[in-house]
Amino acid sequence: METEPTTDRLTLHESTSTHQADPDTPPSEAVIDAIAADSSFDALELADEFGPLYDVIDPSALDSLFQSTAGADRCVGSVTFEYAGYRVGVDQTGRVELAALE
């Protein structure tokens with residue numbers, strides 16, 4: 001997963017980072033990987049410290065929203081939610097944008 005700092009469009013005081021997941025990585029895993037890469041926590045510590053991801057969003061629903069099927073491409077759009085001290089944005093390309101909450 002690659003990381004590149006970006007400027008948040010909403011507030012100049014927030015720090016943001018963007019992570020690009022591999023095409024085969026489900027969005028729910030990409031979110032956990034991005035937060036782990038951006039923080040001092042690993043994937044297991046995130047769940048211990050902040051609760052499991054499913055407490056804020058259904059990982060299966062997130063994954064199926066952007067899943068390609070034999071007859072159709074991935075849905076176009078994005079999903080935004082808060083988890084582990086971040087505003088998390090996920091889109092159909094596997095891009096995960098993290099904005100630290102203050």
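**Figure 1. Confidence along the chain of this predicted model.** Mean pLDDT for the chain comes to 84, with 78% of its residues at 70 or more. Residues 2–13 are a stretch to treat on its own, since their pLDDT stays under 50 throughout. For this stretch the model has 24 contacts beyond four places in sequence.

**Figure 2. The two faces of strand β3.** Let's follow the side chains from residue 78 to residue 83. V79, F81 and Y83 point to one face, where they are buried. S78, T80 and E82 point to the other face and are not buried. This fits a general pattern: in a regular strand, side chains alternate between the two faces of the sheet.

**Figure 3. The hairpin of β3 and β4.** Here β3 meets strand β4, which spans residues 86–91. Their pairing is antiparallel and runs over 6 bridges. To find your way across the pair, start at T80, which stands opposite G89 in β4. Between the two strands lie 2 residues, and A84 in the turn has a positive phi of about 55°.

**Figure 4. R95 and its surroundings in strand β5.** R95 belongs to β5, which covers residues 95–100. Is R95 buried, partly exposed or exposed? Its relative accessibility is 29%, so R95 counts as partly exposed, falling between the limits of 20% for buried and 50% for exposed. Within the strand, the side chains of R95 and E97 are joined by a polar contact of 2.8 Å. A34 is 61 residues away from R95 in sequence, yet the C-alpha atoms of R95 and A34 are 9.6 Å apart in space.

Technical notes
Residues are numbered from 1 along each chain as its sequence is written. This is a predicted model: local features need pLDDT of at least 70, side-chain atom pairs count only at pLDDT 80 or more; totals for chains, interfaces and linings use all residues. Side-chain values use heavy atoms; hydrogens and water are left out. pLDDT is the predictor's confidence in each residue, from 0 to 100. Contact means heavy atoms within 4.5 Å. Buried means under 20% relative accessible area, exposed over 50%, partly exposed in between (1.4 Å probe, protein chains only). Helices (H or I, at least four residues) and strands (E, at least two) are DSSP runs, numbered from the N terminus. Two strands pair if DSSP finds at least two bridges between them. A polar contact is a pair of N or O atoms within 3.5 Å; within protein, one must be able to donate a hydrogen and the other to accept it, and residues adjacent in sequence count only if both atoms are side-chain atoms.
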